[in-house]
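Colleague: Could you please take a close look at one part of this model with me? I'd love to start from a single side chain and then see what else is worth knowing before I go back to the bench.

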Amino acid sequence: MLRNFKQLSFIFLITVLFTACSIKEPIVIPKESDIAELSKKANDNFLDQNRATNDYFTKYFKPWDSSKVSYPKIEAMWGQSYKFKKVYLENHRLATEEWFKKQIENSNFDEYNVLPKKAIMLKNANVRVLPTNSPMFYDPTKPGEGFPFDYNQNSLIKINTPIIVSHLSKDRAWAYMESSTVGGWVEIGSIAFVDDNFIKEFKTTNYYVSVKEKFPIYDPIFREYVKVATIFPKKDDKFLIAKKDDNQKAIISYINLNVDEVEAMPIAYTSENRVKILNQLLEEPYGWGGLLNNRDCSSFTQDFFVPFGKYLHRNSKSQTSNGKYLDMSKMSIKEKKEFMKEYGVPFSTLVYLKGHIMLYVGIKDNEPLVVHNIWSVRLKDSSGRKYRNIIGKATITTLEPGKELKDFDEDNNILRRVLGITVL
């Protein structure tokens, strides 16, 4: 009897706890019908999809049409500036001068663009700022400065992505590369070098794009969990990926994919397809710079548009140049809401603030709504102590997430910090 009472008490406490959490979570949870209704108000014809897709693949294959990495050497070395900052490593100890000296020496930039080589990604891989898997945190005891904010994580790059390699690190464990969207260090085991014959066979002009999130592929053993927006050339009834030989030379491999996993690119920009892609991306855990094979805010917006053939730059600031930017920085909160309602186009408008970007999806209950992958809402209690309410996923919110919370910090109201919108 006592045991049963304890079990019931435990269940009650857990129920109360999770109920309380659900009340406090600063998100909007629309019905599936709500998302569909919002999508119907988008402009189906905002994009010339065939033209946009041709432009996308011109950029996608640009590394194979280049003779070297395009960044000036000094720009490629930007990550070494972290040596002037207080950076904490995986053990929460400060990175020493000797640690940075070791990373910089291993970076081997004397060989930058001396013998560049074209290559392809064999798997999804982290793109690192310095050639090491060690994280670089700011003070991990402070909110927003520990996990997942690894400043050695520049981005995630997908399987099948064409790249050009400038050079290898001194220990030959890392390759400094450039893709169509990002540059940095990838582990040598994640790439294979291509020749003209491989490139000719891989560029089939018949390209499919993944429309399902994190499904496994096999060759014949497991190769990767594929993310939405991954490109697969198709030949006859097979899809192409690369594998490597003993000399790390790329070889074409043919795999099977299911009809619910990939579609010919571009997929039609219809209400049904917008909802389908959005539902694949929603609820994914937040991944700073693509950490742990997840997405951050700008990779969320980037990957949403790829299946439709629209190219976006990799980071939030750069994405504001992918359409017509409208400045809102001098407006009040009320004026910003009205501006969004008048000029925002659902599902083809980006909302920008420093360090963050969101996709505007329309109005519900007179509130502009956005979809974004967000880490947290900043709060401040009555004593002035700052802390975070963690969201940590891709979700739908108003432009003022957390406003209903007790310690909502008006100074950190997202809408107050919005600088402008970009109509794509």
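Modeller: Happy to! Let's start with R274, which counts as buried because its relative accessibility is 0%, under the 20% cut-off. Please keep in mind that this is a predicted model. The side chain of R274 meets that of D44 in a salt bridge, with 2.8 Å from N to O. The two partners come from distant parts of the chain: R274 sits in helix α7, while D44 belongs to the loop between α2 and α3 (49-60), and 230 residues separate them. D44 has a relative accessibility of 38% and therefore counts as partly exposed. So one partner, R274, is buried, and the other, D44, is partly exposed.

This pair belongs to a wider set, as the structure holds 25 salt bridges. Another of them joins D34 to K364, whose closest N and O atoms are 2.8 Å apart. D34 is in helix α2 (residues 32-40) and K364 in strand β17 (residues 356-364), so this contact ties together parts that lie 330 residues apart in sequence. Here the acid is the buried partner: D34 has 19% relative accessibility. K364, with a relative accessible area of 28%, is partly exposed.

Now back to helix α7 and what follows it. The loop between α7 (271-281) and α8 (297-305) contains E283, and L292 is found in that loop too. Most residues other than glycine have a negative phi. E283, however, has a positive phi near 75°, and L292 has a positive one of about 60°. L292 counts as exposed because its relative accessibility is 62%, over the 50% cut-off.

R295 brings us to another salt bridge, in which its side chain meets that of D303 at 2.8 Å, N to O. Both R295 and D303 are buried. They also take part in a network of salt bridges that links K158, E213, K214, K227, E284, R295 and D303.

While we are looking at E213 and K214 of that network, let's move along to strand β9 (215-218). Y218 is found in strand β9 and, at 47% relative accessibility, counts as partly exposed. Together with F222 and Y225, Y218 makes a nonpolar surface patch of about 330 Å². The loop between β9 and β10 (222-226) holds P220, which is joined to D219 by a cis peptide bond with omega of about -10°. Most peptide bonds are trans, yet a cis bond also joins F147 and P148, with omega of about 5°. P148 is located in the loop between β2 (125-128) and β3 (153-157).

One last stop is the second largest pocket, which has about 320 Å³ of space. Its lining is made up of 15 residues, and those nearest its centre are L115, K117, H167, L168 and R172. Strand β4 (residues 162-168) gives the largest share of the lining, four residues. Sorted by class, six of the lining residues are nonpolar, five are polar and four are charged.

If you have the model open, a good place to begin is the contact between R274 and D44; from there you can follow the chain past helix α7 to E283 and L292 in the loop before α8.

Terms used:
Residues numbered from 1 in each chain as written. Predicted model: local features only at pLDDT ≥ 70, side-chain atom pairs only at ≥ 80, totals over all residues. Heavy atoms only, no water. 1 Å grid on protein atoms, 1.4 Å probe; cavity = no way out; pocket = protein on both sides within 12 Å on 5 of 7 lines; lining within 4 Å. Points joined across faces, edges and corners; volume = space filled by probe spheres on them. Helix = DSSP H or I, 4+ residues; strand = E, 2+ residues; numbered from the N terminus. Nonpolar A, V, L, I, M, F, W, Y, C, P; charged D, E, K, R; others polar. Buried < 20%, exposed > 50% of the residue type's maximum accessible area, 1.4 Å probe, protein only. Patch = residues over 30% accessible without salt bridge, like charges linked within 9 Å, V, L, I, M, F, W, Y side chains within 5 Å. Areas by Shrake-Rupley, 256 points an atom, 1.4 Å probe, with all protein chains shown as cover. Salt bridge = Lys/Arg side-chain N within 4 Å of Asp/Glu carboxyl O.
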